[in-house]
Amino acid sequence: MASASVVDSQLNEVATKVKQYHFPVESIPRLSYDDPEAERLIRNEEPVILTGTNLVASALQWSPEYLSNNIGHGTYTVYSSKNHKFLYYDDKKICKVPTFTPPTTHQDMTFQDFLNKVTEWKEGEPYNYLQQSLNDSVGPQIVQDFAAFNWKWISDERAKNNWGALTSNLLLVGMDGVVTPVHYDEQQNFFAQVHGFKRFLLFDPSMFGCLYPYPVFHPHDRQSQVDFDNPDFDRFPRLRELKGRQAILGPGDVLYLPVYWWHQVESVPGYGMTVSVNFWYKSGPTEKIVYPLKPHQKVAMMRNIEKMITEALNNPEEVPPLLQDMVLGRYT
Ligand SMILES: CCC[C@@H](CC(=O)O)C(=O)C(=O)O
Ligand SMILES: [Zn+2]
């Protein structure tokens, strides 16, 4: 396991290699888990990179090879994409958009088959990304490593911040260079980097107007329509106003990723496969409404309005003309 100083020097090197985009980025603070400032940021639902949590210290040997030798022969969901981007879609909403064509396919396979695909990969072939909730199908060694996660620390954080239950731990094993395009989630997330390096681009919930998410009823709900590699400033003019944050994670780092914060996640090209484990928690109840509302509360409100209108009209195609009649020339 690399020492903290080795990881630090590698992080500095990685920071010089990551792709720059049209928008400015500022670094996310990187603080020791016991720094009062770190606690304040988490309480205030702002992102922070935490060092020294030992959250996944017992998994730092989870190289792809170690996993292949110890995870057992259960099957895992592996997504395939013709390029390095893995844009999430909700199967259950495809019926609402008959013209929708999924940008990725997925199939269940053993970890060994997945790793063979990656090892034998040739330029021009599809990219593969294993994304699977950790469950009891894993081998005994992995169960032991998982049980040795620093559950006391993370449970205390959950309780301190009044979050809901842990909903899942997603095991993420990516090929060099894979990207999860910019989106937001409706859960609190402690994202633990286990192997390799990932770069997060983060945008606070107030950037909703600059990131043009798909409609709520669309399979790509919560995902931005914007492609940072080919920004369409004519279609998405407020993209020019975008201001981002950046976090580069190495083995052992934990990123607190607040609910509703936009993020794009890249397995830094040239640094090999990545292994991560996320910890998704239901967000806590709003203690009491304080005005002015926070940006993420406005996002939740907009989602509810879209859901209500779509349900009331009972036809997704009638939503755009109604919203346009309501807004264009009246609130614009
Ligand atoms: C399916 C989840 C992917 C992950 C990003 C990544 O590591 O590629 C993410 O977006 C999250 O943990 O919220
Ligand atoms: Zn996410």
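**Notebook: two sheets and a ligand shell**

I looked up the first sheet in this predicted model: an open sheet of 9 strands, with mixed pairing, in the order E2-E3-E12-E9-E14-E7-E6-E4-E5. I took strands (E, at least two residues) and helices (H or I, at least four residues) as DSSP runs, numbered from the N terminus. I counted two strands as paired if DSSP finds at least two bridges between them.

I noted the edges: strand E2 (30-32) and strand E5 (104-110) each pair on one side only. The twist from one strand to the next averages 25°. For such angles, axes are lines fitted to C-alpha atoms (for helices over the stretch in contact), and the angles run from 0 to 180 degrees between N-to-C directions.

I reminded myself that strands of a sheet pair through backbone hydrogen bonds, either parallel or antiparallel. In which sense do E7 and E14 pair? I found the antiparallel sense, over 8 bridges. Val173 stands opposite Val275 in E14.

**Ground rules**

I number residues from 1 along each chain as its sequence is written, and chains are lettered from A and ligands numbered from 1 in the order in which they are written. The model is predicted, with local features needing pLDDT of at least 70 and side-chain atom pairs counting only at pLDDT 80 or more, while totals for chains, interfaces and linings use all residues; side-chain values use heavy atoms, with hydrogens and water left out.

**Second sheet**

I then listed an open sheet of 5 strands, also with mixed pairing, ordered E1-E11-E10-E13-E8. Its edge strands are strand E1 (25-27) and E8, each pairing on one side only. Direction ignored, neighbouring strands here are turned by 25° against each other on average. E1 pairs with strand E11 (residues 244-249) in the parallel sense over 3 bridges. Ser27 stands opposite Gln246 in E11.

**Ligand 1**

How many residues surround ligand 1? I found 14, and the closest are Tyr129, Thr180, His183, Asp185 and Lys198. A residue is near the ligand if one of its heavy atoms lies within 4 Å of it.

I checked polar contacts (pairs of N or O atoms within 3.5 Å; within protein, one must be able to donate a hydrogen and the other to accept it, and residues adjacent in sequence count only if both atoms are side-chain atoms). An N or O atom in the side chain of Lys198 is 2.8 Å from an oxygen atom of ligand 1. For Asn278, a polar side-chain atom lies 3.0 Å from a ligand oxygen, and for His263 the distance is 3.2 Å.

On its own, ligand 1 has 370 Å² of accessible area (Shrake-Rupley method, 1.4 Å probe), and the protein covers 93% of that. Among the elements giving two or more residues to the shell are strand E8 (179-183) and strand E13 (262-267). Strand E7 (166-174) and strand E14 (274-282) also do so.

**Backbone oddities**

I kept in mind that most peptide bonds are trans and most residues other than glycine have a negative phi. Tyr291 and Pro292 are joined by a cis peptide bond, with omega about 0°. Pro292 sits in the loop between E14 and helix H8 (295-313). Asn162 has a positive phi, near 60°, and is found in the loop between helix H6 (151-160) and E7.
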